[in-house]
Amino acid sequence: MLNTVKAVYSRLVSRRLYDIRTRFFRRRITPRVLVSKLRRGRHDGENVLKSFKTDLRVRFFISDLNKKEFYINLLTSLGKFDSIMDDADTVHENKYKVLGSDLYSFGSGIDWHLDFKSGKRWPLKYHTSIDLIGSGEGSDVKVPWELSRFHQAIWLGKAYWISRNETHAAKFRSLVDDWIDNNPPGYGVNWTTPMEAAIRAMNLIVGLLYFMDSFKIDDSFLLKLLCSLFEHGVFIRHNLERSIPSHNHLISNLVGLIYLGIFFHDTREGKRWVEFASGELQREIVEQVHRDGTDYEKSTSYQRLTAELFSAAFVLLKLNSYKIDEEFAGRLEKMYDFIAAATTHDGKTPNIGDADDGRLFKMKMNCDFNDHRDIIAVGAALFESNSLKSISGSFSELGLLLLGTQGFEKYSSLKNAAPTSSAIFKEGGFAFLRSEKDFCSFDFGETGLRGRGGHGHNDVLSFTLSGKIPFIVDRGTYCYTPNPKLRNRLRSTYSHNTAVVDGTELSEFAGLWSIREDATNPLLLKWESSEEQNIVEAEHHAYERLQFPVIHIRKITFNKRQRTFLIEDEFRGEGTHTIELFFHFDPDVAVVNLGRKFLVAEGDEFALVKFQHDFTLENWEHSPSYGIIQQARTARVKISGEIPLKIETFIFILSDADGVNHILNRLK
């Protein structure tokens with residue numbers, strides 16, 4: 001009830017107050033007003049901006065006080081000197097690569113309102129008057145948003161710290177100047193979503209901290225940037241993205257307010273922002289993260305993003321001596337346990353649910369967005385976890401940004417623990433079956449966001465499977481608004497490794513991020529884990545809404561030593577039905593129909609699949625990352641007949657072709 005009241009107040013009162021202030025009265029924070037706000041907390045008569053800069057050195061994890069030889073050497077080692085300088089050079093050339101695009105050159109100046117992938121440019125209108133979704137098929141508002149998140153501030157800052165070249169500070173200043181001049185508060189596409197404003201504000205703060213001692217950051221520019229950042233805080237506070245239920249957008253809003261509140265700690269507003277947001281954030285982690293550490297949005301990608309957001313706030317609040325509930329720390333640590341459990345042997349994470357490559361701090365231009373080990377390294381140092389260190393592989397640039405050299409020293413003192421074992425997350429609805437060589441994920445939870453869909457897909461009872469390489473995978477996301485048909489196709493039941501009955505979706509879509517009803521009512525039936533094998537069994541009830549109701553039960557038995565998986569699908573009910581089972585293969589494996597109901601997927605290893613019924617091989621879309629689409633192979637098993645019905649599928653993971661031939665000869 002309280003959340004409903006807060007959401008209504010935010011929409012009907014707070015946002016309207018902001019509109020009156022910004023749109024009708026055209027109120028802005030001026031340098032004079034800001035200086036007077038900053039002066040209130042100081043009584044010694046010293047230069048306000050000089051005092052402000054001095055205070056920042058102890059409030060944030062990035063400070064020129066940390067710019068010592070050890071830090072610089074560590075930064076250069078983790079980020080690789082040539083890579084750091086290449087990213088900065090690309091920014092100097094006004095070239096960017098975002099959301100699956102090729103490297104795009106803006107020429108002499110950046111158009112901050114342009115989706116350069118489609119050519120669509122959004123007008124400089126008041127933010128509530130801008131149409132984001134219906135602006136024309138093919139356009140993606142996330143392109144200008146991503147550019148305006150200002151990750152490039154970090155790329156330039158790293159180059160400045162290791163080179164001391166003032167051209168990087170000059171470029172940072174020119175980019176910020178240009179953005180502020182072309183994006184007045186409340187106007188344009190980059191002010192339509194508070195989440196974007198929050199992430200941008202945090203990156204601008206970090207960028208400023210990198211360049212704080214540069215002579216390019218004079219008082220006139222500093223005041224201009226501070227006024228813009230203060231406007232960001234006002235905008236976020238009045239336009240909180242509350243919904244029923246709330247999601248990662250609200251989390252980003254609150255973390256942004258914590259950063260801005262601590263940044264403007266000497267102002268009345270800053271103190272209020274951080275006090276309000278820290279309390280709300282600690283309540284939201286209980287709302288949005290289950291006790292087992294799973295985010296209720298049912299997305300491995302958004303699990304990583306929210307863990308980064310919570311961690312960034314956690315570190316900053318601790319640094320500034322704010323009270324943090326034990327529950328907050330406990331659930332955050334559990335979030336890391338989930339991310340580690342979902343990491344495969346090659347360091348990647350299966351794309352379960354939506355994936356939009358979102359980061360709070362994107363440490364370099366070219367990222368492998370399916371590799372979450374950089375955030376696992378943060379968790380290892382933060383919670384002094386040997387098991388997390390063993391999964392992370394090495395300390396990360398993100399860890400250095402958030403935790404500094406002390407974080408590196410904590411990380412280095414940890415021992416490598418035994419590999420993470422199989423794990424189940426009953427509240428979140430995930431099981432991860434693991435041996436020293438193989439990995440399988442199994443989704444037995446509801447669709448997502450407490451039955452509203454959100455970033456969850458129609459993937460109940462779907463699985464992924466990998467050995468040394470991925471074999472059976474999720475089809476991914478590709479996009480949100482540019483192509484609604486493809487968006488829905490990739491989140492449909494057909495694009496997941498589960499069963500479709502009578503051509504019916506598990507849940508009907510009601511929008512790009514919503515469903516009409518989640519009738520799956522999934523139930524875990526069995527979980528066994530030992531050194532020799534894993535067994536997981538679950539059922540869902542989505543197809544009970546058919547004229548002749550059907551219950552789907554799936555059981556996976558993993559023999560770790562023999563490297564075999566038995567998938568048993570049972571359909572209970574009555575009547576004649578059409579059952580379709582899907583097995584979507586990674587685009588990097590060659591899939592060959594061997595006849596006699598066998599196929600083999602070949603890469604560095606082999607996956608031999610024995611079907612009980614005939615199958616067809618088809619070409620399907622696959623999206624390994626947002627904005628990227630590929631072709632990959634899918635095996636479809638289609639059966640029409642009376643139920644009850646049971647179907648068995650065997651999968652053998654083999655190291656060489658001789659092993660494949662041996663199994664084929666044995667099963668003739």
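Let's start where two helices touch: Arg304, Glu308, Ala312 and Val315 in α13 meet Leu398, Leu402 and Leu403 in α17. Keep in mind as we go that this is a predicted model. Helix α13 covers residues 300–319 and helix α17 covers residues 397–413, and the two pack at an angle of about 25° with their axes 10 Å apart. That angle makes α13 roughly parallel to α17.

Now look at helix α15, residues 373–382. How many of its residues are buried? The count is 8 of the 10, so α15 is largely enclosed by the rest of the structure. If you want to click through them, the buried ones are Ile375, Ile376, Ala377, Val378, Gly379, Ala380, Ala381 and Leu382. And what do they pack against? Our two helices from a moment ago, α13 and α17, are among the partners, along with α14 (326–341) and α16 (386–392). Just after α15 comes glutamate 384, with a positive phi of about 50°.

That brings me to backbone geometry. As a reminder, most residues other than glycine have a negative phi, and most peptide bonds are trans. So here are some places to stop and look.

Leucine 99 has a phi near 50°, a positive value in a residue other than glycine. You'll find leucine 99 in the loop between β1 (95–96) and β2 (104–105). Is leucine 99 buried or exposed? Its relative accessibility is 6%, so leucine 99 counts as buried.

Then there are the cis peptide bonds. One runs from isoleucine 244 to proline 245, with omega near -5°. Proline 245 sits in the loop between α10 (219–238) and α11 (248–263). Another cis bond links isoleucine 643 to proline 644, and there omega is near 15°. Proline 644 is also in a loop, between β22 (630–642) and β23 (645–654).

On to salt bridges. A search of the whole structure turns up 37 of them, and I'd like to walk you through a few.

Take arginine 450 and glutamate 287, whose closest N and O atoms are 3.6 Å apart. Arginine 450 is in the loop between β7 (439–443) and β8 (463–466), while glutamate 287 is in helix α12 (residues 268–288), so this pair ties together parts that are 163 residues apart in sequence. Arginine 450 counts as partly exposed, at 45% relative accessibility. Glutamate 287 is partly exposed too, with a relative accessible area of 32%.

Next, lysine 298 and aspartate 443 form a salt bridge with their closest N and O atoms 2.8 Å apart. Why does this pair tie together separate parts of the sequence? Because lysine 298 lies in the loop between α12 and α13 and aspartate 443 lies in strand β7, and those parts are 145 residues apart. Both of these partners, lysine 298 and aspartate 443, are buried.

Then we have lysine 597 and aspartate 614, whose side chains meet in a salt bridge at 3.6 Å, N to O. Here the pair ties together parts that are 17 residues apart in sequence: lysine 597 is in the loop between β18 and β19, and aspartate 614 is in the loop between β20 (606–611) and β21 (615–622). Lysine 597 is partly exposed, with a relative accessible area of 32%, whereas aspartate 614, at 57%, counts as exposed. There is a link back to the backbone story as well: lysine 597 has a positive phi of about 65° although it is not a glycine.

Some salt bridges share partners, and in that way Arg173, Asp177, Asp181, Asp218 and Lys224 are joined into one network.

Let me finish on the surface. Which residues make the nonpolar surface patch of about 510 Å²? They are Val13, Leu17, Ile20, Phe24 and Phe25. Valine 13 belongs to helix α1, residues 2–24, and at 34% relative accessibility valine 13 counts as partly exposed.

My last stop is arginine 32, in helix α2 (residues 31–39). At 75% relative accessibility, arginine 32 counts as exposed. If you'd like a sense of distance in this model, go from the C-alpha of arginine 32 to the C-alpha of aspartate 588: the two residues are 556 apart along the chain, and those atoms are separated by 59 Å.

Thanks, everyone, and please jump in with questions.

Technical notes: Residues are numbered from 1 along each chain as its sequence is written. This is a predicted model: local features need pLDDT of at least 70, side-chain atom pairs count only at pLDDT 80 or more; totals for chains, interfaces and linings use all residues. Side-chain values use heavy atoms; hydrogens and water are left out. Patches are made of residues with over 30% relative accessible area and no salt bridge: like charges are joined within 9 Å, nonpolar side chains (Val, Leu, Ile, Met, Phe, Trp, Tyr) within 5 Å. Accessible areas come from the Shrake-Rupley method with a 1.4 Å probe; for residues, only the protein chains shown count as cover. A salt bridge is a side-chain nitrogen of Lys or Arg within 4 Å of a carboxyl oxygen of Asp or Glu. Helices (H or I, at least four residues) and strands (E, at least two) are DSSP runs, numbered from the N terminus. Buried means under 20% relative accessible area, exposed over 50%, partly exposed in between (1.4 Å probe, protein chains only). Axes are lines fitted to C-alpha atoms, for helices over the stretch in contact, and angles run from 0 to 180 degrees between N-to-C directions. Angles under 35 degrees count as roughly parallel, over 145 as roughly antiparallel, 65 to 115 as roughly perpendicular and the rest as oblique. Contact means heavy atoms within 4.5 Å.
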